[in-house]
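Reader: I am new to this structure. Please show me how to read its strands and helices.

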Amino acid sequence: MKLKTLTTAMILATVPMTGAFAAALDRSGQSMAAFLQPGNYFEAGISVLDPDVSGKEAGTSETRRNIDDMAGDYYFPSAALKFQPTEKFSVGILYDQPYGADAEYQGTNVFTSNPGTDTILSTGAINNIVRARAVAALEALGAPVNEQTLAGAEAQVRSSPAFQQLTGALAAGNNFLGEGNTKVEVDTQNLSLVFGYQPTENWNIYGGGVYQTVKGNLSLRGQAYSLFNGYDATFKETSGTGWLAGLAFQIPDIALKASVTYRSEIDHDISASEDLSLLNFPLLTTVLGGLGVSPAQLATLDDSGKTKITTPQSVNLDFQTGVMANTVAFANVRWVDWSNFSIRPYQFGNVSEAVGPLIGRPNGFNLVEYEDDQISATVGVGRKFNDLWAGNVSVGWDSGAGNPVSTLGPTEGYWNVGLGLQYSPTPATFIAGGVKYFMLGDAKAQTGAQAGGPEYVAEFEDNDAWAYGLKIGYRF
């Protein structure tokens, strides 16, 4: 069966939003489909996401209040221009926004500041300090450690002048915590210059350079972040370069096309403006010193320096084939190396290294990190109804990047279903649009200080999102 006429029509019917609400910070899905189109080709598209992510305080939180929708709506554009100057050589420019975040907590919960009630250390944290000091005192005396002896030792710790001084300083320091809501915004842009070599009609070997920019801002507020309640960071836009390489195989007569694309990680050295309101507290060194922080570490708390962020490497596998007259099946599989990704701003890192030993993190902790790599897949069927109209249906799945996951993006993967429709007023032009519904995975949310362990501060369940896409294309 000859399906060559479908090769053009159906590959374009795919909804222009492969990622949309993928794991961690993944957004666009970084498709190479535009570059693999035959002849000279241009396309431009936009995707819009409307998520609803709400939950409740849980785990180590001392309260159990509801958390309203914290996920912001966002959109991201894309564009591609591809030239085929000769039968064997092609060149293209691809633009997308591969990674991003947009979230803000509202209401009254552990992620929003409540002046007068928020504390540097929660009651539970202070109780843990008292218990640890009581155990240490009993062991130093060679006394048995049991509930009866602990009760007496804890009472002595609480009544000691040193502990009274510490609790007094902690109470005074509560007035220096932040005000407002926890929020985050991250924006990236990619511009890829790709060159292709087609030794035969069936093979395409391609590769090129990638120019990427990153910028963002962040505010941490609320009891969940302890002494980081009042931390702000602005990451000035910076750029980095990487590369991509791929191989594609096609049999046009049966509308078969398969490709694999690798994208490298990209390093960014960012000048971040950081501020921690608690550093304005005159007795902070007294508090931290009383908690056991060394003088050398206290001296580095307000140092400044550059923050290194490395966006992850990834691999995309794409496949399509004709299955019957006027019908093709398609699939996409994507892997992203999120398990090796982390963000530790310079000053944030200094403070985390100073207080980390107090919570069992002798080397400090990251602002954001992920436990697992992301694997996502989309499969679907597209059909050409007539010379003007084509459409598709698809089902997608995303593994997420671990659970518990960061409080700044508290979902674990998804399932989605999508519908796409394409109108071609002429053989050379088309308009394609679509909608996807995402069933977001339940997740436990943890702070950076808890990452890597089982502790968490909130749960997010039964959440969803809607995504909408529009794309136009032209062959010339």
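**Strands and helices, step by step**

Author: Take a pair of strands to begin with: strand 22 and strand 25 (residues 463-475) are joined in the antiparallel sense by 12 bridges. This is a predicted model.

Reader: Which residue of strand 25 is the bridge partner of Ala432?

Author: Lys471 is the partner of Ala432 there.

Reader: What lies on the other side of that residue, in strand 21?

Author: Ala432 in strand 22 is also the bridge partner of Gln422. Strand 21 (residues 414-426) runs antiparallel to strand 22, and 11 bridges join them. The two strands form a hairpin, with 2 residues between them.

Reader: Which side chains of strand 22 are buried?

Author: Follow the strand and see how the side chains alternate. In strand 22 (residues 429-440), Phe430, Ala432, Gly434, Lys436, Phe438 and Leu440 point to one face and are buried. Thr429, Ile431, Gly433, Val435, Tyr437 and Met439 point to the other face and are not buried.

Reader: How do I read the order of strands in an open sheet?

Author: Read the order from one edge to the other. One open sheet here has 5 strands in the order 3-2-24-23-20, and its pairing is mixed. Strand 3 (66-67) and strand 20 (405-406) are at the edges with a single partner strand each, so one side of each has no neighbour in the sheet. Within this order, strand 23 (residues 443-446) and strand 24 (residues 458-460) pair in the antiparallel sense over 3 bridges. Lys444 has Glu459 in strand 24 as its bridge partner.

Reader: At what angle do helix 2 and helix 3 pack?

Author: For two helices, look at the angle and at the distance between the axes. Helix 2 (residues 123-141) and helix 3 (residues 147-159) pack at about 110°, and their axes are 8 Å apart. Angles of 65 to 115 degrees count as roughly perpendicular, which makes helix 2 roughly perpendicular to helix 3. Their crossing is right-handed. By class, the contact of helix 2 with helix 3 has 7 nonpolar, 2 polar and 5 charged residues.

Reader: What is the case for helix 4 and helix 5?

Author: The axes of helix 4 (residues 161-173) and helix 5 (residues 284-291) come within 9 Å and cross at roughly 135°. Helix 4 and helix 5 are therefore oblique to each other, and their crossing is left-handed.

Reader: Which residues meet between helix 4 and helix 5?

Author: Gln165, Leu166, Ala169 and Leu170 in helix 4 meet Thr286, Val287, Gly290 and Leu291 in helix 5. By class, this contact has 5 nonpolar, 3 polar and no charged residues.

Notes: Residues are numbered from 1 along each chain as its sequence is written. This is a predicted model: local features need pLDDT of at least 70, side-chain atom pairs count only at pLDDT 80 or more; totals for chains, interfaces and linings use all residues. Side-chain values use heavy atoms; hydrogens and water are left out. Two strands pair if DSSP finds at least two bridges between them. Helices (H or I, at least four residues) and strands (E, at least two) are DSSP runs, numbered from the N terminus. Buried means under 20% relative accessible area, exposed over 50%, partly exposed in between (1.4 Å probe, protein chains only). Axes are lines fitted to C-alpha atoms, for helices over the stretch in contact, and angles run from 0 to 180 degrees between N-to-C directions. Angles under 35 degrees count as roughly parallel, over 145 as roughly antiparallel, 65 to 115 as roughly perpendicular and the rest as oblique. A crossing is left-handed if the near helix is turned anticlockwise from the far one by less than a right angle, and right-handed if clockwise. Contact means heavy atoms within 4.5 Å. Ala, Val, Leu, Ile, Met, Phe, Trp, Tyr, Cys and Pro count as nonpolar, Asp, Glu, Lys and Arg as charged, and the others, Gly among them, as polar.
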